Amino acid sequence: MQPKTKEFNEASSVALEDEKIQANLLGLYGGFHQARLDASGATPNWAALQERGRAIKAHTIENLDIYLRMVEENVRRAGGKVFFAKDSDEATRYVTDLAQSKGVKTVVKSKSMVSEEMGLNERLEEAGIESVETDLGEYIIQLAGEAPFHIIAPAIHKSREDVSELFEDKLNAPHYTDIDDLTQEARRQLRQKFIAADMGITGANFVVAETGTLVLVTNEGNGRMCTSMPRIHVAITGMEKVVPSLEDMGIMLRLLIRSATGQRISSYVTTVTGPRLSDDEDGPEEFHLVIVDNGRSRLLADPQLREALYCLRCGACLNACPVYRKVGGHSYGWVYPGPIGAIVSPMLTNLSDAKDLPYASSLCGACKEACPVKINLPRMLLYLRHQLAEGKEYPEHKTSTARERIAMKAWRIAASTPFTMSIANKLGRLIQPLMPDGAQSGKSSSPLAAWTRYRAMPKLSARPFRKRWKM
Ligand code: SF4
């Protein structure tokens with residue numbers, strides 16, 4: 001998928017003015033967000049569980065080389081094949097070459113965000129192979145030719161009416177007004193694809209190192225059908241999805257599912273260890289695990305950003321984020337939206353092109369509070385902003401202009417003593433009436449016009465806080 005992270009500001013403005021998107025985003029807070037709060041509140045020792053989950057992730061990421069080797073050995077022992085891909089091109093080539101060499105005509109896919117990074121559907125189509133998403137939300141956005149809007153609810157921006165029109169247009173379906181009818185239509189269409197498919201492609205929520213077991217969490221059963229019906233199963237996953245043991249997997253599952261949808265357990269938790277054995281009733285003849293780096297080593301190598309690899313992709317930080325809940329997923333311009341996307345996307349694509357993303361946060365801390373493994377997202381966002389302004393670790397991405405640097409130096413001098421602060425306040429009060437307010441600023445050439453377009457500049461008080469405090 002071609003990143004459009006450069007277009008964040010324009011895309012956000014469009015989303016903010018789109019009434020339909022705004023209406024559909026309203027449900028997130030009362031829906032997923034509240035469900036997570038209820039589920040975590042009802043779980044005994046939730047805070048201890050979070051600590052445990054965080055410790056598991058920290059330990060695994062610190063010893064990733066050891067656990068990846070363990071995964072490789074155990075998948076091979078179970079009869080599967082493992083391929084380490086350094087980037088999305090290598091991973092895509094492996095999968096398309098495999099499909100072509102095995103005469104695959106149709107692929108069914110269960111949700112895999114890494115395959116979205118790779119633009120795998122497009123590459124398979126170019127190779128003459130039909131690739132069909134089977135998660136209902138992913139199926140809808142594939143028909144619409146769009147990117148996912150949310151990590152766990154990719155089509156949440158679409159209303160029932162939108163989906164009905166889409167099915168009429170793309171599937172020649174009758175006009176349905178009932179969600180059950182729409183779901184049944186998708187089911188009928190997809191059932192034929194499952195039967196015809198020669199290859200199933202899935203992601204992985206976790207890969208258990210001690211057994212080489214792949215773990216998939218779904219609510220529709222499509223993951224189980226993708227892993228058991230076609231003769232070849234290919235799982236594609238980022239290298240950070242490893243957990244050491246089955247016991248660890250149990251803890252991570254509890255954290256993931258409660259934080260994602262508020263369920264105690266999802267409808268389907270599928271575990272796959274290698275291809276079918278001679279006495280198995282079903283399952284694929286071949287099992288391939290593709291472990292993708294695609295920029296994750298950069299996160300691993302930077303101690304300030306390594307924590308981003310703890311992410312379970314539960315989406316809780318998106319639902320909690322006041323910025324995501326207004327601008328929606330497409331504004332972020334790549335596979336991963338929201339606070340975690342604002343960190344991961346710049347590092348997996350190009351920090352300079354995604355320089356607006358780390359600023360897409362009020363730093364209120366709601367994302368950190370919502371995160372099941374307590375990832376300190378605001379700290380990393382600040383770190384990336386610092387990198388962009390100062391460019392110490394990533395000098396090639398330094399973006400601050402001479403004007404910004406002068407303004408920041410002036411601010412530092414003004415804020416350094418009560419005397420300079422009081423002078424600055426007096427000066428500010430003198431020039432404030434000359435500055436544009438929100439309504440005028442769109443046309444204004446003032447350097448503050450962009451800042452005041454959507455927010456009013458508070459009036460500087462004649463009696464500063466320090467004076468009131470003394471009273
Ligand atoms: S950063 Fe935390 S809350 Fe956000 S998706 Fe990842 S695990 Fe979930």
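Helices, taken as DSSP runs of at least four residues, and strands, taken as DSSP runs of at least two, are numbered here from the N terminus. In this predicted model, N45 is found in the loop that lies between helix α2, residues 19–41, and helix α3, residues 46–62. Although N45 is not a glycine, its phi is positive, at about 55°. The relative accessibility of N45 is 61%, and N45 therefore counts as exposed, the cut-off for that class being over 50%.

A positive phi is also found at L363, which is not a glycine either and for which the angle is about 60°. L363 belongs to the loop between α16, residues 338–348, and α17, residues 366–370. With a relative accessibility of 30%, L363 counts as partly exposed, because this value falls between the 20% under which a residue is buried and the 50% over which a residue is exposed.

Two strand residues were examined next. H233 is part of strand β7, which covers residues 232–238, and H233 counts as buried because its relative accessibility is 0%. The side chain of H233 forms a polar contact, at 2.9 Å, with the side chain of T202. When neighbours within four places in sequence are left aside, T202 also appears among the residues in contact with H233, together with G200, L214, T227, V272, P284, E286, F287 and H288.

V243 lies in strand β8, which is made up of residues 242–243, and with a relative accessibility of 0% V243 counts as buried, since the class takes in values under 20%. Apart from its neighbours within four places in sequence, V243 is in contact with T60, F206, V207, V208, A209, D248, M249 and M252. V243 and L312 are separated by 69 residues in sequence, while the distance between their C-alpha atoms is 11 Å.

L312 is in turn one of the residues that surround the ligand. The ligand sits in the largest cavity, and the residues around the ligand include the run C311, L312, R313, C314, G315, A316 and C317. I340, C371, P372, I375 and L377 complete the set. By residue class, this shell around the ligand divides into 10 nonpolar residues, 1 polar residue and 1 charged residue. The polar member is G315, because glycine is counted with the polar residues, and the charged member is R313, because arginine is counted as charged.

Notes. Residues numbered from 1 in each chain as written. Predicted model: local features only at pLDDT ≥ 70, side-chain atom pairs only at ≥ 80, totals over all residues. Heavy atoms only, no water. Near = heavy atom within 4 Å. 1 Å grid on protein atoms, 1.4 Å probe; cavity = no way out; pocket = protein on both sides within 12 Å on 5 of 7 lines; lining within 4 Å. Sits in = over half its atoms within 2 Å of the grid points. Buried < 20%, exposed > 50% of the residue type's maximum accessible area, 1.4 Å probe, protein only. Polar contact = N/O pair within 3.5 Å; in protein donor to acceptor, adjacent residues only side chain to side chain. Contact = heavy atoms within 4.5 Å.
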